Amino acid sequence: MNTIVHSFPERESRDAISIVDVGEESQSCMTNPTNPSPIELRAPRGALVLEIVWDDGLVSTYPHRLLRGFCPCAYCQGHQGPIRWADAATDQDLPILDIDEVGNYALRLGWSDSHTTGIYTFRFLRQLHALTEVPLEEAKKKEFSR
Ligand SMILES: [Zn+2]
């Protein structure tokens with residue numbers, strides 16, 4: 001009799017704590033505004049734009065030339081300094097042939113000219129969103145810290 005009465009409150013309090021823990025964890029995961037990530041990618045063949053629908057409701061439409069011009073890979077950008085419009089970049093909208101998700105943080109874009117080394121972090125893509133709303137000549141002057 002003594003044993004049963006003693007063990008009951010112990011189990012109840014453990015249960016209560018674990019329920020609170022789970023609630024807090026899933027909440028912070030779903031409502032973190034500093035790390036938006038894509039929930040949908042649309043790259044219609046021939047349209048030459050990449051559309052990203054973000055989990056906070058923003059929709060970005062990137063012309064291909066913008067993404068290609070700001071390719072963040074070491075070949076396009078060198079190993080130091082800000083990410084800027086690559087001198088070798090073309091003003092043409094090349095088709096994107098492949099899109100791979102890299103971990104939970106980036107996309108790798110494979111272009112029709114066989115350039116496949118550009119890994120675009122979600123954070124960088126969100127920064128590039130600002131350039132989708134200005135003329136290309138303005139966008140080219142922008143720089144991003146790595
Ligand atoms: Zn590149």
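**Entry 1: burial and strand β1**

Before looking at β1, I fixed the cut-off I would use: a residue is buried if 20 or more other C-beta atoms lie within 10 Å of its own, exposed if 12 or fewer, and partly exposed in between. With that in hand I went through the five residues of β1 and found that the number buried is zero, so the strand lies largely in the open. I note here that I am working from a predicted model, and that every entry below should be read in that light.

**Entry 2: the chain as a whole**

I looked up the confidence next and found a mean pLDDT of 81 for the protein chain, with 76% of its residues at 70 or more. Over residues 1-32 the pLDDT stays under 50, and in that stretch the model has zero contacts beyond four places in sequence. I therefore kept my reading to later parts of the chain, given that local features need pLDDT of at least 70.

I counted five helices and eight strands in the protein chain, and reading along the sequence I wrote down the pattern α-β-β-β-α-α-β-β-β-β-α-α-β. Of the 146 residues in the protein chain, buried ones make up 14%. Among the contacts with a separation of 6 or more, 39% are between residues 24 or more positions apart.

**Entry 3: the sheet of β1, β2 and β3**

I then traced the open sheet that three strands form in the order β1-β2-β3, and I noted that the pairing is antiparallel. Strands β1 (38-42) and β3 (59-63) stand at the edges with a single partner strand each, so one side of each is left without a neighbour in the sheet. Ignoring direction, neighbouring strands of this sheet are turned by 20° against each other on average.

For the individual pairings, I found four bridges joining β1 to β2, which run antiparallel, and in this pairing P38 stands opposite W54 in β2. Strand β2 (residues 49-54) pairs with β3 in the antiparallel sense over five bridges, and there I see V49 opposite P63 in β3.

**Entry 4: the turn from β1 to β2**

Which residue in the turn of the β1 and β2 hairpin has a positive phi of about 90°? I found that it is G46, in a hairpin with six residues between the two strands. I also stopped at L48, which lies in the loop between β1 and β2 and has a phi near 60°, a positive value in a residue other than glycine. I flagged the angle because most residues other than glycine have a negative phi. L48 has 16 C-beta neighbours inside 10 Å and so counts as partly exposed.

**Entry 5: H64**

Is H64 buried or exposed? With 21 C-beta neighbours inside 10 Å, H64 counts as buried, and I placed this residue in helix α2 (residues 64-69). Leaving aside residues up to four places away in sequence, I listed its contacts: H64 touches L48, V49 and L50, and also D93, L94 and I96. The contact with L48 leads back to the loop between β1 and β2, and the one with V49 leads to the residue that stands opposite P63 in β3. I also looked up the C-alpha atoms of H64 and P95, which are separated by 7.3 Å although the two residues are 31 residues apart along the chain.

**Entry 6: β5, β6 and β7**

Moving along the chain, I found that strand β5 (residues 96-102) and β6 pair in the antiparallel sense over six bridges, with V102 opposite A106 in β6. Their hairpin has three residues between the strands, and G103 in it takes a positive phi near 55°. On the other pairing of β6, four bridges join it to β7, and the two strands run antiparallel; here A106 stands opposite T121 in β7.

**Entry 7: S114**

Where is S114 found? I located S114 in the loop between β6 (106-111) and β7 (118-121), in a hairpin that has six residues between the strands. Its phi is near 75°, a positive value in a residue other than glycine. S114 has 7 other C-beta atoms within 10 Å, so I recorded it as exposed. As a last look-up, I noted that the C-alpha atoms of S114 and L97 are separated by 9.0 Å, with the two residues 17 residues apart along the chain.

Terms used: Residues numbered from 1 in each chain as written. Predicted model: local features only at pLDDT ≥ 70, side-chain atom pairs only at ≥ 80, totals over all residues. Pairing = 2+ DSSP bridges. Axes fitted to C-alpha atoms, helices over the stretch in contact; angles between N-to-C directions. Contact = placed C-beta atoms within 7 Å. pLDDT = per-residue confidence, 0-100.
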